[in-house]
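Welcome, and please open your viewer. We will go through a few selections together, one stop at a time.

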Amino acid sequence: MRYQAPKGVSEYFPPRSQSFEWIRETLLTPIRQAGYQLLELPIFEDTELFARGVGASTDVVNKEMYTFEDRGGRSITLRPEGTVGALRSVIEHGLDRGSLPAKFFYSGQFFRAERPQAGRYRQFYSVGIEAIGSDDPALDAEVIAIAYSGFRALGLKAFHLEITSLGDKASRAAHRIDLVKFISALDLDKSTIDRAEINPLRLFDDKRAEIKELMLQAPILLDYLSPESLANFEQVQGFLNTLEIPFRINPRMVRGLDYYTGTTFEFVHEMLGAQSGIGGGGRYDGLMEEIGGRDITGIGFGLGIDRALLAAEAEGVVDTSVFLTDLLVIPMGGDAKSFAMRLARDLRPYNLTVEISFGDRSVKSAMKAADKGGVKYVIVIGDAELSSGLVEIKQMSTGTLTSSTLTSLVETLIETLSATIR
RNA sequence: GUGGUUGUAGCAUAAUUGGUUAAUGCCCUUGACUGUGAAUCAAGAAGAUGCGCGUUCAAAUCGCGUCAAUCACUCCA
């Protein structure tokens, strides 16, 4: 029996795992720089939490959750998204009691039992943030800006930002009545009618040309926004403009989770086929209260690491040079091996990646391995060096040899290696 | 979940259209080149028809099933 990974899970192993790591760290950097703090959360929660939080009418809850009974007879679900679990933790530990907004980030895997294809996995990876307890439109814009700068830091260009506002409860209710009225007058097939019954907004997202055509005439939620909601949305746009973040207003945007209100956004990549959403999020006015917390608002996003990686590969911008080895030490003989191990130990605290050539390979084969692995510098230490007290430091990219005395070797290497652009 | 396409060594391709030992390149090891990489040449090692059943004298090749990947829809990160 030859085992294989369960259907639809993404696995990352070398060399591509470096690309994955680079994506995750790059997306996380602007988040940390904006003062968000880590929330390390369980990947499973009480099933009821997701049913209430994500929304009973969503596909995510209805047909995509990994739900099972644990040994104590509890119904457990593998998290299909991050916001609800994060808020549960915030409420449970009173994290919204300090100064607001309270700002958190998380990263990890999520689970949805969908039919997989490239960019859509049953276990996928996201980084997300939540900012809780402020309705300042500047916060909306900053949250969007953080995601935007993450994608830009990856070097992505072929993507765009779509935003809309879902307004407040009253706006949505009024719109829904008219939209349902409009849809009921259309001549639709049964499965489409069924979808519309669950959530009439879904029809805005239909890929079929004839439906798109019909929906052109449908009432648009933006036209139903209350004056306050509209003013708020305009302020968000104003801040995005000051930050020079390009965006498109997409009044037909549909999000699959029930809790979104107000500002809602999506980052769409143009080279990924059908699975083109690389990130998205929005504000959630009633969610905290819905799952047992105070009635305060919040806003957040989730960015797909798997898809961001696919996008970066499609654009040819993946950069894993940060993971290159700075120095390979090739010891020849037992004394030299001890020396090499001490040298590596002394250098690594200076944030240098230092490897030792193990296994008593020939210098030639060690050099070959260094070349193939993208090592920046190499030194060979043997009896000759140990007795003469002189070592040659070889830069692989140029082939240049630089001499150093054994006694000043650590200092020389720290200086040489740190000077190289990483 | 619905429909389509594709599965050959670690990777990438080939195999007379059903024909006998499934090939080549890359990768790996060694040498030419006593302790300094990429090129070239030589030698060597290991390794595959996703899985199952069927048709046939004979299956990588045809059929059915299954598993997986992939594409579109549904949906979403």
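## A walk around the RNA

Start with the contact between protein and RNA in this predicted model: of the atoms of RNA strand B within 4 Å of the protein, 52% belong to sugar or phosphate, and the rest belong to bases.

Next, select the protein residues around the strand. There are 45 residues surrounding RNA strand B, and the closest are Arg 120, Arg 255, Gly 256, Glu 385 and Met 396. Try colouring this surface by class: you will find 21 charged residues, along with 12 polar and 12 nonpolar ones.

Now switch to a cartoon view. Which elements each supply at least two residues of the surface near RNA strand B? They are strand E10 (277-283), helix H13 (363-373) and helix H14 (383-388). Pause on H13, which gives the largest share of that surface, with 6 residues.

Time to zoom in on single contacts:

- Select Arg 255: a polar atom of its side chain sits 2.4 Å from a phosphate oxygen of RNA strand B.
- Move to Gly 304, where a backbone N or O atom is 3.3 Å from a sugar or linking oxygen of RNA strand B.
- Finish with Asp 371: an N or O atom in its side chain lies 2.7 Å from a base nitrogen of RNA strand B.

Finally, zoom out and colour chain A by domain. The domain assignment gives domain 1 as 16-168 + 226-315 and domain 2 as 324-419. How far apart do the C-alpha centres of domain 1 and domain 2 lie? The distance between these centres is 46 Å.

Definitions and conventions: Residues are numbered from 1 along each chain as its sequence is written. Chains are lettered from A and ligands numbered from 1 in the order in which they are written. This is a predicted model: local features need pLDDT of at least 70, side-chain atom pairs count only at pLDDT 80 or more; totals for chains, interfaces and linings use all residues. Side-chain values use heavy atoms; hydrogens and water are left out. A residue is near a molecule or strand if one of its heavy atoms lies within 4 Å of it. A polar contact is a pair of N or O atoms within 3.5 Å; within protein, one must be able to donate a hydrogen and the other to accept it, and residues adjacent in sequence count only if both atoms are side-chain atoms. Helices (H or I, at least four residues) and strands (E, at least two) are DSSP runs, numbered from the N terminus. Ala, Val, Leu, Ile, Met, Phe, Trp, Tyr, Cys and Pro count as nonpolar, Asp, Glu, Lys and Arg as charged, and the others, Gly among them, as polar. Domain bounds come from an automatic or database domain assignment.
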